[in-house]
Amino acid sequence: MKKLYVFDTTLRDGEQSLGITLNVKEKLEIGHQLVKLGVDIIEAGFPASSPGDFESVQTMAQEIKGVTICGLTRAVAKDIDICADALRKAEYPRIHTGIGVSPVHMAKKLNLTPDRVVEQAVSAVKYAKKYVSDVEFYAEDAFRGEPAFLAKVIEAVISAGATVVNLPDTVGYASPWEYGDLISFVIQNVKNIDQAIVSVHCHNDLGMATANSLAGIKAGARQVEGTINGIGERAGNTSLEEVIMAIFTQRDGYGIESSINHREISATSRLVSRITGVTIPDHKAIVGANAFNHASGIHQDGVLKDRETYEIIQPETIGVPKNNINLTARSGRHALQFRLEELGYKVEGAQLDDVYQRFLLLADQKKEIFDQDLYVLMGDSDDKENSIIFHSMSIATSGVGMATATVTLEFAGKVTTDAACGNGPVNALFNTIDRITGNKATLEYYDVKSVTRSSEALGEATIKLRYEDGHSVVGKGYSTDVIEASAKAYINALVKRTPAAESSIAI
């Protein structure tokens, strides 16, 4: 079968849509997991947008091996210079440059004539080729472009040295048959198309990103671009896990296969959700909590008789295991280690000791520990480098809506206890933390939900703070006490403060 190249842009197109900036450590954690997943290309960021993004791409290029590391640019020499510098230590570097090709983009955004767009596109590709052999060209808003003009641009950039040509449905306007027709048109009408890989990059504004990507692949595209969990501009990007599993379940029909390690899909999805703060809907295809649940009695009866009656994908295929070991406060290290290894976590030595102690604290509060508890436990480890450590809190209420919170934190090298009032316990809690830390950021989003089963379920709190410079950070906290989970989430957001990115590109 032919190979489908999987291009992950979670760290670029996905990140820029979140209103937050992932720090280098977070990007590296996701990057290493993407390598385990088996993607072919990681678009690590837009280096010219900010010093922080440059550092992220540079670090990814130096640390992440065995995969192509890609940086995005505009069709501008300065952008390309900066990108090339960031990618200098990459094992397999790729520069992803391009320009808008639709009438509305050329006239309204770029104020350029079609001939000038072709000239600038060719110039950018030739300039990028001075630095790297692998250059991808994106024709922004390709679907709303004139097909004949699009073919002209693509032929010109391939002649200039482009190795991959990306034909995005930037605003998610296409239907599957229309997008498939566009890919077919380009393949049939660009004379030198055999010298480059055709790539699809679809947005989900009308809910058809996955369908459009599959239509493009069926029409002859050999690279698919998307994000984990479908995060991205506006309504999101193509969900890579959906495309991957659609092809896996019907690979004979597509005549193509990827190098993806399917058993890492669930772990990758959870990691991206935890770090970005974007919750996965229960009904989300492939990775949602209900994706393999059967509630109907008829369905349950069918599955018990033969799984294939209602399951087209076995949960084990994407790394969702069966829980055959009941973990409680009586369970030992070995049982915990065995279960964690089944979930994809390798822990031993001092790390196992640390995890086991936190496991016991949680198990003392719950009758049974489930897989989701362990996922949360592994994502809630204390970061010794953080400058704020939560010690304790107490809440007193007086009258309707009035509360006082007393909090003890280790901050700036000393343990401090302070108190503040607020309109309810959570507001009082956050006011107290602000007093201790001097925080001036605005609380933009706050959510609490149960993430595990039983009456002693873990609560997950999600916080989004926005600073005066427009930069936002997301924090998460977990506890069987939702107020404590809120405190941990607020502190987690405070310690993740990083410089803001200056700009972004939507393709």
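How many aromatic pairs are there? The count comes to five aromatic pairs. The model is a predicted one, and the tour starts with one of these pairs.

**Stop 1: Phe430 and Tyr446**

Select Phe430 and Tyr446 and show their side chains. The two rings form an edge-to-face aromatic pair, with 5.7 Å from centre to centre and 90° between the planes. Phe430 belongs to helix α17 (residues 425-437) and Tyr446 to strand β14 (residues 442-450), so the pair ties together parts that are 16 residues apart in sequence. Phe430 is buried, at a relative accessible area of 5%, whereas Tyr446 is partly exposed at 31%. Now add Tyr490 to the selection: Phe430, Tyr446 and Tyr490 make up one aromatic cluster.

**Stop 2: charges over rings**

Go next to Phe248 and Arg251. The charged end of Arg251 sits over the ring of Phe248, 4.6 Å from the ring centre. Then select Lys218 together with Tyr254. Here Lys218 lies over the face of Tyr254, and the distance to the ring centre is 5.6 Å.

**Stop 3: salt bridges**

How many salt bridges does the count come to? The count is 25 salt bridges. Select Lys3 and Asp40, which are one of these pairs; the closest N and O atoms are 3.0 Å apart. This salt bridge links distant parts of the chain: Lys3 is in strand β1 (residues 2-3), while Asp40 is in the loop between α2 (24-37) and β3 (41-45), 37 residues apart. Colour by accessibility and compare the two ends. Lys3 is partly exposed, with a relative accessible area of 27%, and Asp40 is buried at 16%.

Move on to Glu140 and Lys109. Their side chains meet in a salt bridge, at 2.9 Å from N to O. Glu140 is in strand β6 (residues 135-140) and Lys109 in helix α5 (residues 103-110), so this pair ties together parts that are 31 residues apart in sequence. Is Glu140 buried or exposed? Glu140 is buried, with a relative accessible area of 6%. Lys109, its partner, is partly exposed at 48%.

For a salt bridge inside one helix, select Asp354 and Arg358. Their side chains meet at 3.4 Å, N to O. Both residues lie in helix α15 (residues 349-365), four residues apart, which is about one turn of the helix. Asp354 is partly exposed, with 35% relative accessibility, and Arg358 is buried, with 14%. Before leaving the salt bridges, select Arg12, Asp13 and Glu43, which are joined into one network by salt bridges that share partners.

**Stop 4: cysteines**

How many disulfides does the structure hold? The structure holds zero disulfides. Select Cys70 and Cys83 to look at one cysteine pair. Cys70 is in no disulfide, and its nearest cysteine sulfur is that of Cys83, 6.9 Å away. Cys70 counts as buried, at 0% relative accessibility. From the other side, Cys83 is likewise in no disulfide, and its nearest cysteine sulfur is that of Cys70. Cys83 also counts as buried, at 0% relative accessibility.

Why is this pair not counted as a disulfide? A disulfide needs two cysteine sulfur atoms within 2.5 Å, whereas the sulfurs of Cys70 and Cys83 are 6.9 Å apart.

**Stop 5: a three-stranded sheet**

Switch to a cartoon view and select strands β11, β12 and β13. They form an open sheet of three strands in the order β11-β12-β13, with antiparallel pairing. Which strands stand at the edges? β11 (388-397) and β13 (414-423) do; each has a single partner strand, so one side of each is left without a neighbour in the sheet. Looking across the sheet, the twist averages 20° from one strand to the next.

Now keep β11 and β12 in the selection. Strand β12 (residues 402-411) is joined to β11 by nine bridges, and the two run antiparallel. To find a matching position on the two strands, select Ser394, which stands opposite Thr406 in β12.

Terms used
Residues numbered from 1 in each chain as written. Predicted model: local features only at pLDDT ≥ 70, side-chain atom pairs only at ≥ 80, totals over all residues. Heavy atoms only, no water. Salt bridge = Lys/Arg side-chain N within 4 Å of Asp/Glu carboxyl O. Buried < 20%, exposed > 50% of the residue type's maximum accessible area, 1.4 Å probe, protein only. Phe/Tyr/Trp six-rings, centres within 6.5 Å; stacked < 30°, edge-to-face > 60°. Lys NZ or Arg CZ within 6 Å of the ring centre and 35° of its normal. Pairing = 2+ DSSP bridges. Axes fitted to C-alpha atoms, helices over the stretch in contact; angles between N-to-C directions.
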